[in-house]
Amino acid sequence: MSTKTKFEICNLLVETVRKDIKNIHLGVYPPNGRIRVAAPLKTSDESVRLLVISKIPWIKKQQSRFMAQERQTKREYISGESHYFLGKRYLLNVSDIGLIPRIEIKRKAHLYMYVKSNSTLKHREKLLENWYRSEIKKQIASLLEKWSKIIGVKINEVEIRKMKTKWGTCNPSYKKILLNLELAKKPARCLEYVLVHEMIHLLEKKHSDKFKSKMESFMPNWKQFKNELNKFPLSYSDWSY
Ligand SMILES: [Zn+2]
């Protein structure tokens, strides 16, 4: 048996479900940041309120993450939209006079997209993806040169893909690395960190202590880059790394 109630506190609407469970649980859920408390049957209203109040900063943080996520997923690729490239925000300016679709950075913070007049959302999305891919390929080429010497490994191939759950993976037998296309939106140091992490997998397959000590010695600030990577505007889904 369960009973549902709703109340408002500090402008937040909270759903409470009382049921036969042992512990009280507070959750914030996508896409709108709905707040729900599941509580044992005998929990008083006061206890629920106190729990919610004590967690307000956390609730707000979760809600703003979901909102950022919402904004990121609803892209239309029209003028005025913000798009990230190497950790920097650019204002998109779409011009439909392009004979050959292309993208250019202008006036430092503007991303000009030239498309054909009949371009669809899909065309524009693909154009930006291809641009991201070719831009980070350039970065990767010079990073590979630098880090191959430092780490002492040779990579045969780096492929950039759209991936749902990972920033990168490495196949040590083929000496092949896959990197997430989303990295194009993150600061360059984050891309470098993921690449170095994957390159170290050629020396150490697992995330062992040896792996960690190698990471420490090659890139002492790696934890900072990792945190940064997971803090930057989310898009599409939560990332694990
Ligand atoms: Zn790894």
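Which residue takes a positive phi in the hairpin of E10 and E11? It is lysine 175, with a phi near 55 degrees, and the hairpin has four residues between its strands. The model is a predicted one, so to speak only of what was counted: local features need pLDDT of at least 70, side-chain atom pairs count only at pLDDT 80 or more, and totals for chains, interfaces and linings use all residues. Residue numbers start from 1 along each chain as its sequence is written. Helices (H or I, at least four residues) and strands (E, at least two) are DSSP runs, numbered from the N terminus.

Staying with this hairpin, E10 and E11 run antiparallel and are joined by four bridges (strands pair if DSSP finds at least two bridges between them). Glycine 168 has leucine 179 in E11 as its bridge partner. In a regular strand the side chains alternate between the two faces of the sheet. E10 does just that: Gly168 and Cys170 point to one face and are buried, while Thr169 and Asn171 point to the other and are not. Buried here stands for 20 or more other C-beta atoms within 10 Å of a residue's own, with 12 or fewer for exposed, partly exposed in between, and C-beta atoms placed from the backbone.

Both of these strands help to cover the buried residues of helix H4, as do H3 (121–152), H5 (209–218) and H6 (222–231). In H4, 10 of the 13 residues are buried, among them Leu191, Val194, His197 and Glu198. The helix (residues 188–200) should span 18 Å at 1.5 Å a residue, and its end C-alpha atoms are indeed 18 Å apart; the expected span is 1.5 Å times one less than the number of residues.

H4 packs against H6 at about 115 degrees, with the axes 9 Å apart (axes are lines fitted to C-alpha atoms, for helices over the stretch in contact, and angles run from 0 to 180 degrees between N-to-C directions). Arg189, Cys190 and Tyr193 of H4 meet Trp222, Phe225, Lys226, Glu228 and Leu229 of H6, contact being C-beta atoms, placed from the backbone, within 7 Å.

Elsewhere, four strands form an open sheet in the order E5-E6-E8-E7, with mixed pairing. E5 (82–85) and E7 (102–106) are the edge strands, each with a single partner, so one side of each has no neighbour in the sheet. From one strand to the next the twist averages 35 degrees. E5 and E6 (residues 88–95) run antiparallel, joined by four bridges, and histidine 83 has tyrosine 90 in E6 as its bridge partner.

Note on methods
Two residues are in contact if their C-beta atoms, placed from the backbone, lie within 7 Å.
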